[in-house]
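Please open the structure in your viewer and keep the sequence panel visible beside it. The tour below goes from one selection to the next, with a pause at each stop.

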Amino acid sequence: MKTKKCNGYESMFTFLSEEAFNEHLKECEECRLEHEKMQRVSELIQEAKPYIQKTKKRKTALKAACAAFAVISMSACFQFFAVTGLYDEIAYANSPTIEEMGLPVDEYGFLLVD
Ligand SMILES: [Zn+2]
């Protein structure tokens, strides 16, 4: 049975209401086949979801690792400033001091980094 009006599955899906689209599926074989295909794709996506979520978590862990690395690098910078004496100037210029911020410091008032 030929349909009166079909602009293709995608445009029918986009422009018809859900009710009208379901009606159209009944009379348009082409769209029905396409719709079944889409149904299968969405099932595949449902199946893949746990895997996708796991991947996201792994990405979060990677981000955390990057952040940790940035903190370690910054600490290394602090050590560098301490060694070159630049740290003293920065410490004077910036209040509160590290000790006042409640961070662990050694006997010289430098930031303690393990
Ligand atoms: Zn159609």
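**A guided tour of the chain**

Begin with the whole protein chain selected: of its 114 residues, 7% count as buried, where buried means that 20 or more other C-beta atoms lie within 10 Å of a residue's own, exposed means 12 or fewer, and partly exposed lies in between, with C-beta atoms placed from the backbone. This is a predicted model, in which local features need pLDDT of at least 70 and side-chain atom pairs count only at pLDDT 80 or more, while totals for chains, interfaces and linings use all residues. Residues are numbered from 1 along each chain as its sequence is written.

Next, switch to a cartoon view, which should show four helices and zero strands, in the order α-α-α-α along the sequence; helices (H or I, at least four residues) and strands (E, at least two) are DSSP runs, numbered from the N terminus.

Now colour by pLDDT, the predictor's confidence in each residue, from 0 to 100. The protein chain averages 79, and 72% of the residues score at least 70. Confidence is highest in helix α2 (residues 18-27), at a mean of 94, and lowest in helix α4 (residues 86-93), at 65. Where pLDDT is low, the predicted coordinates should not be read in detail.

Then select Y9, M12, L25, C28 and C31, the five residues of the largest nonpolar core, that is, a set of buried Ala, Val, Leu, Ile, Met, Phe, Trp, Tyr and Cys residues joined through C-beta atoms within 7 Å.

Stay with C31, which, leaving aside neighbours within four places in sequence, is in contact (C-beta atoms, placed from the backbone, within 7 Å) with C6, Y9, M12, H24 and L25.

Move on to C6, in the segment before α1 (9-15). Is C6 buried or partly exposed? C6 counts as partly exposed because it has 15 C-beta neighbours inside 10 Å. The C-alpha atoms of C6 and H24 are 8.5 Å apart, although 18 residues separate the two along the chain.

Finally, select F13 in helix α1, whose C-alpha atom is separated from that of H24 by 9.5 Å.

Conventions: Contact = placed C-beta atoms within 7 Å.
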